[in-house]
There are 2 protein chains.
Amino acid sequence: MQNIEQMLVEHGVRPTIHRIHIARYILGEADHPTADEVLDWANQNLSKISRATVYNTLRELTQAGLIREFRFPQVSRTVYDKNTENHFHFYDQASDSFMDLNADSVKVDIQLPPSFKVNCVDILVSGNCSQ
Amino acid sequence: MQNIEQMLVEHGVRPTIHRIHIARYILGEADHPTADEVLDWANQNLSKISRATVYNTLRELTQAGLIREFRFPQVSRTVYDKNTENHFHFYDQASDSFMDLNADSVKVDIQLPPSFKVNCVDILVSGNCSQ
DNA sequence: ATATTTGCAAAGCCTTTGCAGGGGA
DNA sequence: TCCCCTGCAAAGGCTTTGCAAATAT
């Protein structure tokens, strides 16, 4: 992965220490973490950090387009995704975790009256993957 | 619409007065109401009713299969739907309201590894309909 | 008599906000 | 200096829960 600090700057985000670490975590090892998981991780691996800062940072990074925010029908929490491409998700009910489905693997054809203008399509496939 | 009381009984729900009224409202005039809308409606049209009873009733009716519960990525509240068939939703961002898309108007083809078992697919199409 | 339903208030979960203090440009 | 960032605690939106009182079987 390229230099995180530089990425932040390129996206117009001031690279504070917290932002760098959180960005590195989400863009790297984390897999669809929630705000709470980010907080826990930060508290274990960095100095103590406040909940508000985590939420602020996640909002910053999302607005900057570095990560994406997803909320799902089945699950109350918001998750953050390093994948900013157009894609969908598979929710594994057994492990309570999410996987990306890239846009190519999902074909959707929606018939709508011509007056309907579509801005986005959210798809969540739920089930089990016995990997 | 057929007799509501009878429908409740057939679905194993004791037909209390609140349940009958709420079921009639959701199965009839209401359009994807939230718990709060049901509460407001009940307080205007019935005797006062508590929030807990509304939530309890909505849970009962949902579990009985008389209505369905939907939660969407874009919107925090849960909505209740008289349509219990397999279907998807269109979210009109301008009016902040939902419309049903019947399953026929949405074709989805999802390529998954064979070990994946799909239980359900949630789709929300967001945009504007200038009707 | 017994089980169910209801109302109320409190708590819970997740997220946002207000404000004061601290640190970097 | 000045502005932005951070932390803390409080509040906010929505939903659930605990418990006692009312109601139905």
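User: Which helices each supply at least two residues of the surface near DNA strand C?
Analyst: This is a predicted model. Both protein chains contribute to the surface near DNA strand C. Chain B brings two elements, helix H2 (17–27) and H4. Chain A brings one helix to the list, and the full set is H4 of chain A with H2 and H4 of chain B.

User: How many residues surround DNA strand C, and which are the closest?
Analyst: The surface near DNA strand C divides into 4 nonpolar, 7 polar and 5 charged residues. Of the strand C atoms within 4 Å of the protein, 78% belong to sugar or phosphate. The rest belong to bases. The count is 16 residues, and the closest are Tyr55(A), Thr78(A), Thr16(B), Arg19(B) and Thr53(B).

User: How far is a polar side-chain atom of Thr53(B) from a phosphate oxygen of DNA strand C?
Analyst: Take chain A to begin with. A polar side-chain atom of Tyr55(A) sits 2.6 Å from a phosphate oxygen of strand C. For Thr78(A), the side-chain distance to a strand C phosphate oxygen is 2.6 Å. On chain B, the value for Thr53(B) is 2.6 Å.

User: Which elements each supply at least two residues of the surface near DNA strand D?
Analyst: This surface holds 4 nonpolar, 6 polar and 6 charged residues. 16 residues surround strand D, with Thr16(A), Arg19(A), Thr53(A), Tyr55(B) and Thr78(B) the closest. The elements are H2 (17–27) and H4 (51–63) of chain A, plus H4 (51–63) and strand S2 (75–81) of chain B.

User: What percentage of the atoms of DNA strand D within 4 Å of the protein belong to sugar or phosphate?
Analyst: Look at the phosphate contacts. Side-chain N or O atoms of Tyr55(B) and Thr78(B) each come to 2.6 Å from a phosphate oxygen of strand D. A polar backbone atom of Ser50(A) lies 3.1 Å from a phosphate oxygen of strand D. Bases make up the rest of the strand D atoms within 4 Å, and the sugar or phosphate share is 83%.

User: What kind of axis relates chain B to chain A?
Analyst: Two copies of a chain are related by a rotation about an axis and a shift along it. Here the turn is 179° and the shift along the axis is 0.0 Å. Chain B then lies on chain A with an RMSD of 0.1 Å. That is the relation of a two-fold axis.

User: Why do the copies meet through the same surface?
Analyst: Compare the interface residues of the two chains. Those of chain B are also interface residues in chain A, so the copies meet through the same surface. The share is 100%.

User: Which strands stand at the edges of the open sheet?
Analyst: The sheet has 6 strands, in the order S4(A)-S3(A)-S6(A)-S6(B)-S3(B)-S4(B), with mixed pairing. Each edge strand has a single partner, so one side of each is left without a neighbour in the sheet. Neighbouring strands are turned by 30° against each other on average, direction ignored. The edges are S4 (97–102) of chain A and S4 (97–102) of chain B.

User: In S6(B), which residue is the bridge partner of His89(B)?
Analyst: Strand S3 (87–92) and strand S6 (116–129) of chain B run parallel. They are joined by 4 bridges. His89(B) pairs with Leu124(B).

User: What pattern does chain A follow along the sequence?
Analyst: Chain A has 4 helices and 6 strands. Its C-alpha atoms fill a box of roughly 50 × 35 × 25 Å along the principal axes. Read along the sequence, the pattern is α-α-α-α-β-β-β-β-β-β.

Key: Residues are numbered from 1 along each chain as its sequence is written. Chains are lettered from A and ligands numbered from 1 in the order in which they are written. This is a predicted model: local features need pLDDT of at least 70, side-chain atom pairs count only at pLDDT 80 or more; totals for chains, interfaces and linings use all residues. Side-chain values use heavy atoms; hydrogens and water are left out. Copies are superposed by least squares on the C-alpha atoms of residues with pLDDT of at least 70 in both. Contact means heavy atoms within 4.5 Å. A residue is near a molecule or strand if one of its heavy atoms lies within 4 Å of it. A polar contact is a pair of N or O atoms within 3.5 Å; within protein, one must be able to donate a hydrogen and the other to accept it, and residues adjacent in sequence count only if both atoms are side-chain atoms. Ala, Val, Leu, Ile, Met, Phe, Trp, Tyr, Cys and Pro count as nonpolar, Asp, Glu, Lys and Arg as charged, and the others, Gly among them, as polar. Two strands pair if DSSP finds at least two bridges between them. Axes are lines fitted to C-alpha atoms, for helices over the stretch in contact, and angles run from 0 to 180 degrees between N-to-C directions.
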